[in-house]
Each structure stands twice: as structure tokens, then as C-alpha cells.
Amino acid sequence: MVAAEIGRSALFDSPPVWAADLPKIPSPPQLPEQYDLLDAIRDLARPTANLIKIEVKRDGTVSFALPRSDNGQGIITSTQMIIAEEMDLDVDQVKVTLADARPELVFNQLTGGSSTTFSTYTPIRVAAALAKGRLLGAAAAQMEQEMSFLTSRQGTITGQNGESMGFGELTESAASPNNEAVEVVLKDREKFRVIGKSQNKTDARAIVTGKKKFTTDLKIDDALPTVICRAPDHNGFPKDASNLDEIRSMPGVTDVAKVSTGYAVRARTFGQCIDAVNELKVSWKDGTAAGEDDDSVLEKIRKAELPLAAPDAGGDTVEGEFVFYFRSGSPLETNCAVADVRKDRAEIWAASKSPIAAQYQIAKDLGLPQNKVTFHVMEGGGSFGRKLFFDAAQEAAECSKKFGKPVKLMWTRADDSRQGRTHPMATSRIRAVVSDESVLSFEMRHTSVATEINPGLSEGVSAVALKYPGGNIFLSENIWELTQITPYNFGNSTRFLNEVDMRFNTSSTRNIYSPDTATARELMVDQIAKKMDKDPYEFRSEFTKMERWRKVLDRAAKEADWGKSMKDGTAQGIAMHIEYKGSAACVVEIDCRPDTVNRKIRSARTGARVTKVTYVVDVGLVINPRGLEAQMMGGINDALAMTLTAGLHLRDGHFVEASWDNYFYTRQWNTPPEMNIVIVDDSEAPEPGGAGEFGVAATCGAVACAYARATGTVPDHFPIYHKDDLPFEPYPTVPPIPPSPTNGLEKTF
Amino acid sequence: MPEQKFTINGESVTVDVESDVRLLWVIRDLLGITGPKYGCGINVCKACTSHINGKAFNPCSVKVGAISESDEITTIEGLADTWDGGDLHPMQQAWIDKDVSQCGFCQPGQIMAAVAKVRECQREGRDIDDDAIEELRNICRCGTYNRIREAIKAGAEEM
């Protein structure tokens, strides 16, 4: 009734008649409260979700090839746990690898939107339960006992008289010669002994001994190092080069050729590739942002801003406008791939979150049938969204074809920073109308450089999103519509996105919109609370739409000792964020005193220091608390960089940053000395929600609010230090790669 | 091509390569020892941190020709052998106990830097506290800094 009325008032632009009578005006549910991106991705995967198999081999080992991409988020470990739980095994008895590209899975090999566990949890359990059921059945037949009397533990099935058989002995008789429909009963949650218990990452030992293999660590015959000489402009493309013969005669160099994105050099070592790339004399076409800079892009965004249209319902207006500059999505492992392209087939090795789309595109590029391209999914050295794009694999395939030899292609750090994927520049404008004790309306208008959605994801999400009213819109609008929730009872609450396609290489960088929208929203929530003379926490608690969300907020306030006495120049800030089927609340303490802000560290951005973070998160069912905590920790440290220190500066058509000493991602001297991550372990939600990106948005909001409260100034752009002088001299764009120093032995400790 | 001779992880090696190639590429591309990672090539990210004669250094920024035959290089693969007892160095064990690693790409460099920092503090009679840890410049893009701190302190206890 109320919802219908609100809907009508939104349509007809008139004030709701009862507006004056209610202190808190309920906002109707926004789409993602009922159906969000996780639902969309799971629905896409559903038709092929059961095309998976858990293998029990004759030697008793249990293995599973997970059709997802692990770049450190720990899904291999959590998948081992899920299988171990259902099959009554120990975690280390289950071997999980990443599946090669399997085109028959269609949309079910995509890793993104923090959707993995939500979409794979039940199908993997079903497969495991099925396998265990067949093994028990086979044991029962051989022992001539009722199945229900048998017990199974650590891969051994024990009968009533103490006789036992291993999974390995039973696997052949357990196999079914025909396809048949079978019903399985999944283990009761009350009986879980693995799920919900903290488990260390199972590759920890391989990592700390240097044995874990990343793409560039592979030893593929004759796959020699290859680096591309890239344009000075962002997305500039090559015309020609004048000194190829000279380059070919440089030490170690085996091949040089023009490719789509520049000139590729293959050599005995990466160092020799880099030296040769820096000697190349190439003429370039303009890039896609030629001549543009931060200000000119911002101007174009402003021209595309949608109007705010609050209904004239009386009351006071609270407004804010915030600018979010470009931020880099580059992980520590730079973009890379190994390719071995032959006349009739190709083999690719790369970390990829959309290997089917990659395989399809590479096959098309090479003129091969898709089934002649084998795509091995490697574990990645971080992704945060970057590995939704498979440009390195495409380039490696192109280079290998051109040279007629295998290649190990790697982007340099400068390439990743200047030509890589970025969080798009955007503005967020908010207008709220406040009357006495009520918020009558809350409008958000987010305007952004277009976010490129990976083809593997966009096709699917668009197809699903078409099902809801007004769904036939821009691809990224779908992601927006399926993710954005304003979690408060703010009457007529709307949020719209408009995007300007300016041909930047953009992508999700540990979420797309939410870090920015949460920053803008939560800063405005503080402003509204101030207007009503209410405490920021109490105001949020009062206006939160759902009880489950309020619990998390209240817990955060309690854990953080909200409202405690703070010294001048320091403050607490609080924020909440709803996404991924869960809820999160964050309280930070920030120190903005001059001695802290002005502390000097060589080649660093110091500034305000977040001294403590309290983060409470309810993701529903928790598979691995320790892994979940790690994801929150990473998200929190990302949020500090996003909000305070780490921006890309566009000047004359290129990003100036080319080093980690230019792009100020969080370092030890920025990270909060105190961090208290609280995981709700009695969630009312029965399923596992999303985790990978969930630490970022609420922290961004809390840091921004704390900064505003500590300094008395509401920041209007992010990162907050983006417009300060650069504490570095930018590297030239030609030659494209900063040369390696030679004084390393003077810097030992 | 000149011959480069040095000791790495206890083994004497001879490599035919130009003397100006940075040691990182000799280690990774020619010797096939891949624990030290490339993250920047300009001695900033510290993902390649290894030890030379027991001290932390970054082979991305040293010409192979600057290494002498008597120099002993240790990468993450050889760290445990520099420690008496157990098949892991206490810092590696602390890293496992504290579940530090996410993707793990930076962690070989983090561990090698941490070991050297603890030894430096021991030499100088300083505590391995937050101030000492904040001298470490290693990037962890997964953002595990807080667990790295815990692990360094725990590992230092055992050193």
C-alpha cells in the first residue's frame, strides 16, 4: 500500500499525501533488495550448473576442476571445504584445480561480482553428495549391509562389524553405466564440521616456499619473454617503426613485429625485451583520449549529468556533489599470458575470469574453430576485476602467430598503470529534502565515464536484466540497477546512472559503483543527520530499512565504542553498505592532525592516517571465517587507497603514473594499526553471499565521514589528496618503460 | 658472451649472458628460479626481494656483472636452508600460521624483506615494532598488511 503510493508519487512528481504524518517515510524496495547481481549471475549459470563432476580415482583421491578463477580470494580452499564437508573428508584430501575453458558451460565459468560461492555452493554439494551416496551404495552391496548402518570418514567406509573399504576400492563399482536421475539429500547444517570453521589457505606452504606457479613462472618449451612497446597516449596505436633491423640485432632479441597494440619484442630474457622496447623508434596514432586531461574529462561528465528533480514537498534541501577521479585496477602481477599458436591449434595459459569468452575471441582472431584453442586457467596474482578482461591472452596469441613461435608475454608495470584498466572517473550528486523528523526524498545521480563490462558477463547479465521493467538499457546500467541500494527510509529514494563513453579502458576494480556511491551517500547521510541535530550512528540506526541491516550497524557501533571521546583533529566515522546478499557496517578512527598529515616518508603519500577500523559483516552462511576476514581486510586497505591516496592523473592523453611510487596504493605506513573485523556467525540468511568486494564500500564511506568530522570540511573529491602536488617527477612516455636502476647493491639492509 | 659466476641457494652457477642484464632476469628467465617476482623492475614494489650475503636486496636493480663469484644469493627457495632445524624458516612458518597469503604473488619478497628487517633490528638493538615494520616498502595489492605485521612479530620471536 505504502510502496504503491510512493511509486505513484515518484511517477507523478507530487508529494505523498501522508508525508507530514510519518516521521520516517518508508522507501519502497529497490530492485537489488529482491533480485540482485548475484541472483542474475546464478540464474545465468543455472542451466549448466550441474555439468560438473567430482572424481574419485582408484588411488582414493578426490578431485574437482572448479570452473572459476582464483586470484587469491581463496575459492579453491573454500571449495575443498565444501566437498570435504559433504563427503566427510579432511580438507587436504580434496584436490581442487581450476578448469580449462569449457564452452559448454556458457555463463557458468565466469568469476565476477563476488558471485562464486553463491552460485557454486549448492551444485558442488549436490555433486559431492551424489558421489558419496554412490560410494556408500557400492560399499553396502559388497558388505551386504544396509547403507544406513555404514559410516564414512576420511575416505574410508566402515561396516557394522568393523570391516572397512576405501573410496578408491569402491569407485569402479560405484560408477553408473547409464545416466539416471537421482535424488540426493544434502547434509544438515547442524552437522557441519568443516563449513564455518576457520581454515588456512591450502596453498600457503607452496606460496611461502616459492613453489606456487603463476603464469610467468611456467616453463613452456621455447615460450620466450615477450614485451610490447606501447604508445605514449592511452590507447594509442602504432603507425610504423624506423629501426627494426637495429632492434633485431640487440643482445638476446629473437623477433620483432608490429602487432595491434604496438611493436612486440621477443628475447631470451624480459630484461632484454625491455631494453629493446626502449630503443624502438615508433611513430604513433593518437590515442582514444588524445589531448584530454582530468579537467576536460570532468567537463564532459558534467555535461551528461541528469537533473535532480525532487518533488516540491516542502522542507529543506541538503545537497552534495562529489568527484571521483580515475583509479588503477592493476594487481601486483602485471597482465600476462603464455601462448603457443600452431597452424591448426593453439594453447593459452593465463589467469582469466572469463575464459570461455577469451577462448571464443582468440579462436576468432586466429581463424581457428573454438575447440582448437585450449585455454588453461592459471591462478592469478590478484585480479580485483582486472582479469575479466583477457587482452594479454589475445596479444600473446597474436604475437605467437606472428612469430610462429611460443611466447610468454608480459606487460610492464608502466603498461599496467598507463594502458591498463581503471576505475572510471565519475560524479555523484545527491539532493535530499528534509522536513522536521523526516527525509521526504533522496535522489542520487551518478554520472560516469562508461564502465566497460566484459563480454562474457555483459551478454548474460543483459539477457537476465531484460526481464525486469525498463531493463532494455545500457549494459552497465544493468549492473547499476542490480547492485545499488540506498539502505535508509528516505521517502522517495531514487538513484540513476548516466554514462559517457570516452573510450577509456575501464572495468570493475573491486566493485564498480559502490565505493563511490557509498562515499557520496554516507557523507550526505551525515549531513542530513546534522541538519536534524542527530548523532550519525543514531540517525542511521533509526532510518535503516531492515532489521538485519540495523543489527550489523548496532554491532559496529558497540564494537568500536562509538561516540567515545576523541582528541581535536581526530574523529570517528560510520557508514553502512548493503550488497551481495549481505550487510556491512564500518567505523573508522582517523587522525588528521598536522604532525600526522605532514609526516615525511620518501616517495610516498602519507596524509591523514586511519588508525583503527571496525568492520562488521553479515554475508549469510560463512564457509571459511578466516578467509572471509582476509577478504574484508583487503577490501578495507583498498578503500583507504581509493578514498585518500591512490589516484591516476590524466594529462595530455595519458596517465602520468608508471610506478607504485607514483600510484599510492596502501602501504604499511598507511594501513590501520588496529583492525577489528567481526563476522556475524548467526546470520538469518541461509545461503553464502558475496565476499570478495564487500570490504570496500562501507569503509570508503566511513573514511570520508571521519575525515569530514575530524577536519570540519566535507571533502568534495576523491581521492582526497588527488589535487595535491605530485610527490614525484613523472616518467617520460617515450621510451615507454622506466629503465631498471643499477644501484641495487647500495640499498641492501 | 661473458660467463657470470656466483652462488645461488647454495649452488655454484655459471651463466652465459651479457653483464648488463639485471640479475632478476638471470635468476628467473635463465636459471628458472621463479620465487622472486617481477612487480615493477625499478626497485619499488620489492616483490623480487632476495638476499645477498645475508642482506635484503632487489635483483631487478643489480646488473649480473656486478655480482662476484664469492657472492651468495638466497631466494625464497633457499631461505629454509639458511636456518638450522626444520624444513621451514620461522618466518615462513609464521606466514603459514597467520594465514597471511592471499594471491601470494608478493609474499616471497615480503618474507625475505621481513627476515632481513628482523636481523637488522637485532643488529641495531631495536624492537621489531610497528615503526620498524613501516620501514618496509613491499606492496601487497591484496592488502594483507595487518596479517603481515602479525607474522613478522611472531616470526621474529623465533629468530
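**A mixed sheet in chain A and its surroundings**

In this predicted model, A:Ile574 lies opposite A:Val587, a residue of strand E23 of chain A. This pair belongs to the antiparallel pairing of E22(A) with E23(A), which extends over 10 bridges. Strand E22(A) is mostly covered, since nine of its 10 residues are buried.

The two strands are joined as a hairpin, with two residues between them. Within that turn, A:Tyr580 has a positive phi of about 55 degrees. A:Lys581 lies in the loop between strand E22 (570-579) and strand E23 (582-591) of chain A, and its phi, near 65 degrees, is likewise positive in a residue other than glycine. Such values deserve attention because most residues other than glycine have a negative phi. Is A:Lys581 buried or exposed? A:Lys581 counts as buried because it has 24 C-beta neighbours inside 10 Å, where the cut-off for a buried residue is 20 or more.

The hairpin is part of a wider arrangement. An open sheet of four strands in chain A follows the order E22-E23-E24-E27, and its pairing is mixed. Which strands stand at the edges of this sheet? They are E22 and strand E27 (674-679) of chain A; each has a single partner strand, so one side of each is left without a neighbour in the sheet. On average, neighbouring strands of the sheet are turned by 10 degrees against each other, with direction ignored. In general, strands of a sheet pair through backbone hydrogen bonds, in either the parallel or the antiparallel sense. The parallel sense is found between strand E24 (residues 609-618) of chain A and E27(A), which pair over six bridges. There, A:Val616 stands opposite A:Val678 in E27(A).

Two helices of chain A lie across strands of this sheet. Helix H20 (residues 625-645) lies across E24 and E27 of chain A and runs at about 135 degrees to E27(A). Helix H21 (residues 696-711) lies across E22, E23 and E24 of chain A, and the angle at which H21 runs to E22(A) is about 155 degrees.

Further along chain A, two peptide bonds call for comment, given that most peptide bonds are trans. The bond from A:Phe718 to A:Pro719 is cis, with omega near -5 degrees, and A:Pro719 is found in the segment after strand E28 (717-718) of chain A. A cis peptide bond also joins A:Val734 and A:Pro735, with omega about -5 degrees; A:Pro735 too is found in the segment after E28 of chain A.

Another positive phi occurs elsewhere in chain A. A:Asn235, which is not a glycine, has a phi of about 60 degrees and is found in the loop between strand E7 (224-229) and strand E8 (238-241) of chain A. Because A:Asn235 has 20 C-beta neighbours inside 10 Å, it counts as buried.

The final topic is the interface between the chains. In total, 60 residues of chain B are in contact with 58 residues of chain A. Elements giving two or more residues to the chain B side include helix H1 (23-30), strand E4 (55-57), helix H3 (90-97) and helix H6 (145-158) of chain B. Which element gives the most to this side? It is H4(B), with five residues. The residues of the side of chain B that touches chain A divide into 30 nonpolar, 17 polar and 13 charged.

Notes: Residues numbered from 1 in each chain as written. Chains lettered and ligands numbered in written order. Predicted model: local features only at pLDDT ≥ 70, side-chain atom pairs only at ≥ 80, totals over all residues. Buried ≥ 20, exposed ≤ 12 C-beta atoms within 10 Å, placed from the backbone. Pairing = 2+ DSSP bridges. Contact = placed C-beta atoms within 7 Å. Nonpolar A, V, L, I, M, F, W, Y, C, P; charged D, E, K, R; others polar. Axes fitted to C-alpha atoms, helices over the stretch in contact; angles between N-to-C directions.
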